[in-house]
Each structure stands twice: as C-alpha cells, then as structure tokens.
Amino acid sequence: MTASLKSRIPRFLVLAALIALTWYAFEKRRSSLPPKPHRLLPMELYKIVSPLSYKYLLNQPGLCQNRKPFLVLLIPVTPQNSEARTTIRKTWGQENLVPNVDIARVFVLGEPREHDAKLEEDLQKESMAYRDIVQMNFLDSYNNLTIKTMMIMNWVASYCTSAKYAMKIDADIFLNVPYLVHYLQNKAKHNYITGSVINDGQPRRNQDSKWYLSEELYPENIFPPYLAGAAYVFSVDLSMKILLASKFVPPIPIEDVYVGLCLHFLSVQPEFAWKLLPYRKLFELRSLEYDRCTFSRLIIVTGFTSTKLMSMWTDFQNAAFSC
C-alpha cells in the first residue's frame, strides 16, 4: 500500500463518519417533527387566515398584466409608514434597478386601529400616484402578521402568476437586488423557497415572551424548519400551494413559523441561502455596521431606519465599481 493511499484512508473514514452522523441527525430530527395534519380545519378556524374573510380596500390587479416579472417584491408595512414606502421606492424598490430584469413592487397594508379619514385620503392619492399599494380590511398589527402573509400569498396567486419569483421582505431591510437576481438565475422554478432557515425552533411557553405560544394553540414541542420572516424568496407556484395548505394547518400568530408549518405539510424543504468560498450566509439577520464591500456580498441585512437606508444607498451604488 502506497504512502499516498495510506494518507487517504483516514480522510475517507472521517468523511464517512461525518456523513453517517449527518444522516443520523437528520433522521432523528425528522422523527421528532410534528405530525402533518390530514383533515380540513373547522370553517371558523380557517376564516382567520382565509382570503375570503377579507376584502380589498386598495388593489393593483393589473400590475403584472402584459408582463412577466422576474421578481415581485412584497413589502408588509403599516398604513402610517409613508416614509418607509418613499425610501424603498428611491432605493432597492426601484423597478428598473437591474438592466433588462423586470422587477415589480407591492406594499401590503391592513387597516389602522382607529379610523383616520386623512390617512385614507393620503393612501388613495399614494395608490393612484405609484400603483403599488394593496390594502385589505384586517387590523394591521403584529399579532395579525400571519393574516397579512396569507394575503400576500393570495395576491401573488391571484394577480401575479406570470412572475418567476416573489420576495416577502420587511421595510427596515437593506436589499442587494443585483446580487439577489444573480443568485436566483439558476435556481429551481417550482417548490423553491430560500432565506435564513431556522432548524431548531421551539415554542416559547413564557407568557411574557413576545413570541409566546400556548400549548392549546400549538401542542408540539418543536417547529419544523422555517425561514426567518424578515425576508425570504419563493417560486411563485408556492403561493397557491401555501394557501391550500393553510386549509389544513391551524393558524398561529407567528407568521414565519406558520409558513414553515405549511411547507412541512407540503413536504417542501426550505433552502438555506449561503455562499461556499468563503462561507457566508447571504440573509444576514444581525445588525451590521454599513460597509460597502461587505454589503455587496450579501443579499439582505436587517435593522435600518429610512434615514440610514437612504444615506447608505447613495454610497452603495459605487460597490459595482470598487469592490
């Protein structure tokens, strides 16, 4: 036996051991996942997230007509946050940001807690001016983010099936659109969803927690894999499938976990967005100090005010030439 062959044997054994351990961990994790529901939800329960329970106050049904967007950006935002909408239109939400790539943009709103005639009038004018406001008559609140997410899925499935991909993205995020478009070029067009995958999520039983979930609402002690709700990208065909799955999956007020439960029902595995050489995750959920070249190698970074995002954006335009 040659020396080179001898040196390869331990490496092979280590690799085989790693594969075996990975497979064992995968099987153990899969066996502990919650069972998939197999019966339709009671109607009164399904009504909570059913699009049929709500009506459009403002809509853009023709946004994707006579066009085939590569990507449609769906941005949940409160009715009052006009500053965020203005900033996004001037930064990463520009529809002509990437040459020869059609990108559509929609802001998704509910209703404010209190009636405000002036706000309604302003939203009507904004909708007429930019054709990018979709509003439905559910209360716009943190606890209703699951409802808002299902409305996003319903809007895509109803009005923008000509698009290839959709992205649900929060308003306080930096988005590197050119990098995202490049990343998606060779990805799957069906049953595909990517972002920052959380594989070890568990329900919080502490009633003081922002993410408290009672055993009555969710009796299992582990979540299936799900994507952090700050931003994720999915092939447009999944919007209708997630809507169909919601007829079987009891609603919970944690929207990203709920989407994960629907994916689990559909047997769709979310894909972690990462780069190998050098290794880095592309959906950065930590709050990072702005650096032009660092941000040019990421898809998202979270946690920016509109003022900070606007000031960063002017500098970021130079990244293509200097990084």
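In strand β8 of this predicted model, Tyr232 is the bridge partner of K168. This pair is a handy starting point for a tour of the structure. K168 belongs to strand β5 (residues 165–169), and β5 is joined to β8 by 5 bridges, with the two strands running antiparallel. On β8 there is a second pairing to follow, this time with β7: here too 5 bridges join the strands, and they run antiparallel. Within that pairing, I198 stands opposite Y226 in β8. How many of the residues of β8 are buried? The count is 10 of the 10, so β8 is largely enclosed by the rest of the structure.

Strand β8 also leads to the largest pocket. β8 (226–235) supplies at least two residues of its lining, and so do α5 (145–159) and α8 (255–266). The space in this pocket comes to about 880 Å³. It is lined by 34 residues, and those closest to its centre are Y142, L145, D170, W211 and D256. In character, the lining divides into 17 nonpolar, 8 polar and 9 charged residues.

Helix α7 (residues 237–245) comes next. Its buried residues are D237, L238, S239, I242, L243 and A245. What do these buried residues pack against? Their partners are α2 (43–46), α5, β7 (193–198), β8 and α8. The spacing of residues along a helix offers a helpful general picture. An α-helix has 3.6 residues a turn, so residues three or four places apart point the same way.

Attention can now turn to strand β4, a second strand with two pairings to describe. With strand β1 (residues 56–58), β4 pairs in the antiparallel sense over 2 bridges, and L58 stands opposite Q135 of β4. With strand β3 (residues 103–111), the pairing is in the parallel sense and extends over 4 bridges; there, I133 in β4 is the bridge partner of F107. Of the 7 residues of β4, 5 are buried, so this strand is largely enclosed by the rest of the structure.

One residue of β4 deserves a closer look. F138 is found in this strand, which spans residues 133–139. Is F138 buried or exposed? F138 counts as buried because its relative accessibility is 3%, and buried means under 20%. Leaving aside neighbours within four places in sequence, F138 is in contact with Y54, L109, G110, E111, N144, I147, K148 and M151. One of these, K148, is 10 residues from F138 in sequence, and the C-alpha atoms of the two are 8.2 Å apart in space.

Another contact of F138 is N144, a residue in the loop between β4 and α5. Which residues does N144 contact once its neighbours within four places in sequence are left aside? They are F138 and L139. With L139 there is a specific link to point out: the side chain of N144 reaches the backbone oxygen of L139 at 2.9 Å.

Elsewhere, 3 strands form an open sheet of mixed pairing, in the order β6-β13-β12. β6 (173–175) and β12 (283–284) stand at the edges, each with a single partner strand, so one side of each is left without a neighbour in the sheet. β6 pairs with strand β13 (residues 300–302) in the antiparallel sense over 3 bridges. In this pairing, I173 stands opposite T302 of β13. For a reader new to sheets, it helps to know how strands are held side by side. Strands of a sheet pair through backbone hydrogen bonds, either parallel or antiparallel.

Finally, some loops have backbone features to point out. Between β10 (274–275) and β11 (280–281), the loop contains P278, and the peptide bond from L277 to P278 is cis, with omega near -10°. In the loop between α6 (177–184) and β7 lies N191, where phi is near 50°, a positive value in a residue other than glycine. N191 is partly exposed, with a relative accessible area of 38%. S267, in the loop between α8 and β9 (271–272), likewise is not a glycine and has a positive phi of about 60°. The relative accessible area of S267 is 55%, so S267 is exposed.

Notes. Residues are numbered from 1 along each chain as its sequence is written. This is a predicted model: local features need pLDDT of at least 70, side-chain atom pairs count only at pLDDT 80 or more; totals for chains, interfaces and linings use all residues. Side-chain values use heavy atoms; hydrogens and water are left out. Buried means under 20% relative accessible area, exposed over 50%, partly exposed in between (1.4 Å probe, protein chains only). Contact means heavy atoms within 4.5 Å. On a 1 Å grid over the protein atoms alone, a cavity is a set of points where a 1.4 Å probe fits but cannot get out, and a pocket is an open set with protein on both sides within 12 Å along at least five of seven lines; lining residues have an atom within 4 Å of a point. Grid points are joined across faces, edges and corners, and a volume is the space filled by probe spheres set on the points. Ala, Val, Leu, Ile, Met, Phe, Trp, Tyr, Cys and Pro count as nonpolar, Asp, Glu, Lys and Arg as charged, and the others, Gly among them, as polar. Two strands pair if DSSP finds at least two bridges between them. A polar contact is a pair of N or O atoms within 3.5 Å; within protein, one must be able to donate a hydrogen and the other to accept it, and residues adjacent in sequence count only if both atoms are side-chain atoms.
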